[in-house]
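User: Please take a close look at one part of this model, the stretch around the surface patch. Cover the backbone there, and then compare notes with the rest of the chain.

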Amino acid sequence: VKLEGLALDYHDDSNKPPVSFSTKEIGIGFKADVNTGSPSMQVKVNDFGLTLKQIALRFKDAVQPTIQVGSLAISGGAIDLGARSATIASIELSDGSVDVTRHKDGTINLMQLYNKDTGKNTPPKNAPAEKSEPWSYILENIVVSEFKTNITDATVIPGKPLIGLEKIALN
């Protein structure tokens, strides 16, 4: 299976403040093996790959995205539903930026990504957890290149970054 030329523009108004996620180009490919002849169905996915380009995560009404990634590539993925395992050979992120801001009230902008309005569909807190075997995950390699960040603390110097880092890389 191979899909290319897709895009995504997603808005989450349940977050406070609302956020949006977009990517201008999505490519995905994989091979799947489904066996229904055994006592239980077996599903394996191999040669999984995913490419996202021009990723942006922003808060509503923000001028600039908080997180930007020029390219994200996942390669060599494998998933075995029966064995409950997932493996990724490589994740590569390039040409990105992350802006971290501490607001005057002490809140940090990235933590606001987790401010969900749970509403009426929240399960009761005393609901029993489902029992199942745990999944195992393996990530063999991750590469980050050409990233930058600006760290701003409005409690110290409003409107101006305290620290700016460029050419951040991780191998």
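Analyst: Strands here are DSSP runs of E with at least two residues, numbered from the N terminus. With that, Pro17 can be placed: this proline sits in the loop that joins strand 1 (2–12) to strand 2 (19–35). Note that the model is predicted.

Now the patch. Ile151, Val156, Ile157, Leu162, Ile163, Leu165 and Ile168 make a nonpolar surface patch of about 520 Å². Strand 9 (residues 161–170) gives the largest share, four residues. Ile151 comes from elsewhere: this isoleucine lies in strand 8 (residues 142–153). Its relative accessible area is 30%. Buried would need under 20% and exposed over 50%, so Ile151 counts as partly exposed.

Stay in strand 8 for the backbone. Glu146 is placed there too. Its phi is near 55 degrees, a positive value in a residue that is not glycine. Most residues other than glycine have a negative phi. The side of exposure is simple: Glu146 has a relative accessible area of 46%. That value falls between the 20% and 50% cut-offs, so Glu146 is partly exposed.

Next, the rest of the chain. Gln54 has a positive phi of about 55 degrees, and this residue is not a glycine either. Gln54 belongs to strand 3 (residues 42–59).

Back to Pro17. The peptide bond that leads from Lys16 into Pro17 is cis, with omega near 0 degrees. Most peptide bonds are trans.

Conventions. Residues numbered from 1 in each chain as written. Predicted model: local features only at pLDDT ≥ 70, side-chain atom pairs only at ≥ 80, totals over all residues. Heavy atoms only, no water. Patch = residues over 30% accessible without salt bridge, like charges linked within 9 Å, V, L, I, M, F, W, Y side chains within 5 Å. Areas by Shrake-Rupley, 256 points an atom, 1.4 Å probe, with all protein chains shown as cover. Salt bridge = Lys/Arg side-chain N within 4 Å of Asp/Glu carboxyl O. Buried < 20%, exposed > 50% of the residue type's maximum accessible area, 1.4 Å probe, protein only.
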